[in-house]
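Here is a short set of exercises to work through with the model open beside you. Try each task yourself before you read the solution.

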Amino acid sequence: MFAHRNNDDGPVVILGLGRFGRSLATELTNSGVEVLCVDSDASLVQELSTSFDHIVQGDVSNPEVLWQLGVEEASRVIIAIGSHVEASVLAASAVIAMGVPDVWAKAYKESHATLLQQIGVHHIVRPEVDMGKRVARLIRNHVEDYLEFTHGFAVAAATPPARLLGKTVGEVNAKRPGLEIIAVQRGDGNFRNARDTDTLESGDLIIIAGPPTRVERETERD
């Protein structure tokens, strides 16, 4: 089924082609990743047959179907059928049992996420919840973009709040151990590494990194 087997650059299987699965498949395909798309809806598979090189109709909750498709050969599997909890859990159980090294799943609600975690899914995403949190940060703070990693670390692109204007990057970083301005964009220019001597001005865009709560607090509106 696949040209590559079980490596970081190997094939990806996407189970479920709703809005989330379809968008993910499109982005990965456009990035040159080998993708196998599977959905139980024959009419949807037919509709998307010209969009993806490898797309098949099949019951994604049936382990026999997944074995027949060679899903165990994939380096990563994404279970994108979040609203159908039973099918999602059955698919996740089957994929984990196959020994796929990197399994992602979309969760519909908190109890669904808990079940997936107990099964052993490696990464659980809740796109609507995550996007809601992200947009709230963009609205509430001076933030243009925000990315939170695991293990308590976040990076934000933000306009400097008024209380930081006129201060140098060195002054700001020295007074905030563990929180650091790492890049600055001025005017229409590109981001560049921040220098201690850079004075923050109105219209600048900075990239600031550190613990999520501190990044949010530092970028709050005055």
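The exercises below concern a predicted model, and each comes with a worked solution.

**Exercise 1. Domains**

Task: Find how the chain is divided into domains, and state what separates their centres.

Solution.
- Step 1: The domain assignment gives domain 1 (12-125) and domain 2 (130-219).
- Step 2: Taken over C-alpha atoms, the centres of domain 1 and domain 2 are separated by 36 Å.

**Exercise 2. The largest pocket**

Task: Describe the lining of the largest pocket, and work out where this pocket lies with respect to domain 1 and domain 2.

Solution.
- Step 1: Start with the volume, which for the largest pocket is about 830 Å³.
- Step 2: Go on to the lining, made up of 20 residues; Ile124, Val125, Arg126, Asp130 and Glu148 lie nearest the centre of the pocket.
- Step 3: Assign the lining to elements. Two or more residues come from each of helix H5 (110-119), strand E6 (123-125), helix H6 (127-140) and strand E7 (143-149). H6 gives the most, with seven residues.
- Step 4: Sort the lining by class: nine residues are nonpolar, four are polar and seven are charged.
- Step 5: Bring in the domains. Domain 1 (12-125) and domain 2 (130-219) both give residues to this lining, so the largest pocket lies between them.

**Exercise 3. The second largest pocket**

Task: Carry out the analysis for the second largest pocket, and name the element that gives the most to its lining.

Solution.
- Step 1: The volume of the second largest pocket is about 420 Å³.
- Step 2: Its lining has 24 residues, and those nearest the centre are Gly18, Ala80, Ile81, Ser83 and His84.
- Step 3: The elements that give two or more residues to this lining are helix H1 (19-30) and H6. The element sought is H1, which gives the most, with four residues.
- Step 4: By class, the lining holds nine nonpolar, eight polar and seven charged residues.

**Exercise 4. A sheet and its edges**

Task: Trace the open sheet of five strands, then decide which strands stand at its edges.

Solution.
- Step 1: Write down the strand order, which is E7-E8-E11-E9-E10, with antiparallel pairing.
- Step 2: Look at the ends of that order. E7 and strand E10 (192-193) each have a single partner strand, so one side of each is left without a neighbour in the sheet.
- Step 3: Take one pair within the sheet. Strand E8 (residues 153-158) pairs with strand E11 (residues 205-210) in the antiparallel sense over five bridges.
- Step 4: For a detail, find Ala158, which stands opposite Ile206 in E11.

**Exercise 5. An aromatic pair and a residue of E7**

Task: Classify the one aromatic pair of the structure, then decide whether Leu147 is buried, partly exposed or exposed.

Solution.
- Step 1: The structure holds one aromatic pair. The ring centres of Phe149 and Phe153 are 6.1 Å apart and the planes stand at 45°, so the pair is tilted.
- Step 2: Add the accessibility of both residues. Phe149 has a relative accessible area of 41% and is partly exposed; Phe153, at 37%, also counts as partly exposed.
- Step 3: Turn to Leu147, found in strand E7. Its relative accessible area is 47%. Exposed means over 50% and buried means under 20%, so Leu147 is partly exposed.
- Step 4: Finish with a distance along the chain and in space. Leu147 and Ser93 are 54 residues apart along the chain, and their C-alpha atoms are separated by 30 Å.

Key. Residues are numbered from 1 along each chain as its sequence is written. This is a predicted model: local features need pLDDT of at least 70, side-chain atom pairs count only at pLDDT 80 or more; totals for chains, interfaces and linings use all residues. Side-chain values use heavy atoms; hydrogens and water are left out. On a 1 Å grid over the protein atoms alone, a cavity is a set of points where a 1.4 Å probe fits but cannot get out, and a pocket is an open set with protein on both sides within 12 Å along at least five of seven lines; lining residues have an atom within 4 Å of a point. Grid points are joined across faces, edges and corners, and a volume is the space filled by probe spheres set on the points. Ala, Val, Leu, Ile, Met, Phe, Trp, Tyr, Cys and Pro count as nonpolar, Asp, Glu, Lys and Arg as charged, and the others, Gly among them, as polar. Domain bounds come from an automatic or database domain assignment. Two strands pair if DSSP finds at least two bridges between them. Rings of Phe, Tyr and Trp (its six-membered ring) pair if their centres lie within 6.5 Å; planes under 30 degrees apart count as stacked, over 60 as edge-to-face and the rest as tilted. Buried means under 20% relative accessible area, exposed over 50%, partly exposed in between (1.4 Å probe, protein chains only).
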